[in-house]
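This report describes pockets, strand pairing and a few single residues of one protein chain. Please keep the sequence and the model in view while reading.

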Amino acid sequence: MGNGLDIALIQTRTPATAAGGLAHVEPLIREAAAGGAKFILTPEGTNVLEQRRDLRASVLSEEDADVAVLGLRRLAAELGVWLLIGSAIVRSGRTGQDGAGDDRAANRSLLVDPTGAITARYDKLHVFDVDLPNGETYRESATVRPGDGAVVADTPWGRLGLTICYDIRFPHLHRQLAKAGASMIAVPAAFTVPTGEAHWETLLRARAIETGAFVLAPAQGGLHEDGRRTWGRSTIVGPWGEIIAKADHDEPCIVTAKLNMEAVGKARSAVPALTHDRDFLPVS
């Protein structure tokens with residue numbers, strides 16, 4: 001397929017139901033495909049964003065029954081594109097260590113091929129528990145069960161490392177993805193406004209520089225039905241740390257670029273830090 005990759009990031013403002021989520025994102029994906037994109041990525045919480053505990057359980061489904069997931073798989077097959085559902089919030093169906101049921105959801109990234117098949121799954125490793133200076137409080141661990149493994153998936157253009165939102169603050173994860181062959185790292189997100197304004201672009205560029213990989217970061221943006229505000233500013237960063245394309249706002253939109261995959265090898269040859277790890281004594 002050559003070295004050029006026509007890519008599109010979808011920036012959304014996902015509603016509080018899966019049916020609403022599908023209706024919101026589908027026209028944007030169709031527009032991106034009509035514009036020539038072969039690989040399309042959506043943000044964290046593409047299917048549903050609902051943090052109100054009294055409503056959340058009633059709007060979540062298992063992955064194989066989620067209206068948005070099923071609809072997006074059919075859409076990828078219809079359009080003949082690769083689609084990363086940045087994440088879907090779905091019932092995990094897992095049990096705790098004591099064998100009892102765990103009603104927390106999975107925050108799951110799904111890579112869909114042009115036949116509509118899911119070729120990779122990744123459950124968010126790091127959950128966001130924080131008290132922000134502006135008074136906002138987030139306890140993602142109360143409703144989301146973290147995953148337990150890193151994932152790198154094959155695509156026609158190179159290997160793709162999967163992460164979700166808060167994972168961006170853990171550079172060792174991204175380094176391991178790069179050392180496992182990832183030439184692209186996806187960072188679908190729903191960043192808060194205070195942390196997004198302060199850190200979003202800096203973190204994305206740092207992870208690209210450290211790994212010599214393309215960083216692909218589709219984001220949620222604006223005021224959502226459940227009351228949260230997200231930062232937006234979906235961004236594509238090159239392996240030298242340069243901003244290739246980005247949105248400068250929070251509104252739903254499409255961010256496109258053509259990626260030259262040869263840039264990964266050039267960046268890693270110029271700064272071969274991935275090969276220079278040394279063992280060292282622990283801090284005393």
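Ile185 stands opposite Val215, a residue of strand E11. The model in which this pairing is seen is a predicted one. Strand E11 covers residues 214–217, and three bridges join strand E10 (residues 182–186) to E11, the two strands running parallel. Both faces of E11 are covered. On one side Phe214 and Leu216 are buried, and on the other Val215 and Ala217 are buried too.

Val215 also leads to the next residue, Arg207, since the two are in contact. Arg207 belongs to helix H5, which spans residues 193–211. Is Arg207 buried or exposed? Its relative accessibility is 6%, and because the limit for buried is under 20%, Arg207 counts as buried. The side chain of Arg207 makes a polar contact of 2.7 Å with the side chain of Glu210. When neighbours within four places in sequence are left aside, the contacts of Arg207 are Ile168, Arg169, Pro171, His174 and Val215. Of the elements named here, helix H4 covers residues 171–179.

Two residues other than glycine have a positive phi. Cys165 has a phi of about 45° and sits in the loop between strand E9 (158–162) and helix H4. Arg233 has a phi near 60° and is placed in the loop between E13 and strand E14 (235–237). How do they stand in accessibility? Cys165 is buried, with a relative accessible area of 7%, whereas Arg233 counts as partly exposed at 22%.

Leu281 lies in the segment after helix H6 (262–270). With a relative accessible area of 75%, Leu281 is exposed, because exposed means over 50%. Leu281 and Trp157 are 124 residues apart in sequence, and their C-alpha atoms are 39 Å apart in space.

The table sets out the accessibility of the single residues.

| Residue | Relative accessibility | Class |
|---|---|---|
| Arg207 | 6% | buried |
| Cys165 | 7% | buried |
| Arg233 | 22% | partly exposed |
| Leu281 | 75% | exposed |

The remaining topic is the pockets. Rolling a probe the size of a water molecule over the atoms shows where empty space is left. The largest pocket has a volume of about 520 Å³. Its lining is made up of 29 residues, and those nearest its centre are Gln51, Phe128, Tyr138, Glu140 and Arg228. Which elements give two or more residues to this lining? They are helix H2 (53–59), strand E7 (137–139) and strand E13 (229–231). The largest share, three residues, comes from E7. By class, the lining of the largest pocket holds 12 nonpolar, seven polar and 10 charged residues.

The second largest pocket has a volume of about 190 Å³. Its lining consists of Arg53, Arg56, Ala57, Leu60, Arg91, Asp103, Arg104, Ala105, Ala142 and Thr143. Which element gives the most to this lining? Helix H2 does, with three residues. Five residues of the lining of the second largest pocket are charged, four are nonpolar and one is polar. Helix H2 thus appears in both linings, giving two or more residues to that of the largest pocket and three to that of the second largest.

Methods. Residues are numbered from 1 along each chain as its sequence is written. This is a predicted model: local features need pLDDT of at least 70, side-chain atom pairs count only at pLDDT 80 or more; totals for chains, interfaces and linings use all residues. Side-chain values use heavy atoms; hydrogens and water are left out. On a 1 Å grid over the protein atoms alone, a cavity is a set of points where a 1.4 Å probe fits but cannot get out, and a pocket is an open set with protein on both sides within 12 Å along at least five of seven lines; lining residues have an atom within 4 Å of a point. Grid points are joined across faces, edges and corners, and a volume is the space filled by probe spheres set on the points. Helices (H or I, at least four residues) and strands (E, at least two) are DSSP runs, numbered from the N terminus. Ala, Val, Leu, Ile, Met, Phe, Trp, Tyr, Cys and Pro count as nonpolar, Asp, Glu, Lys and Arg as charged, and the others, Gly among them, as polar. Buried means under 20% relative accessible area, exposed over 50%, partly exposed in between (1.4 Å probe, protein chains only). A polar contact is a pair of N or O atoms within 3.5 Å; within protein, one must be able to donate a hydrogen and the other to accept it, and residues adjacent in sequence count only if both atoms are side-chain atoms. Contact means heavy atoms within 4.5 Å. Two strands pair if DSSP finds at least two bridges between them.
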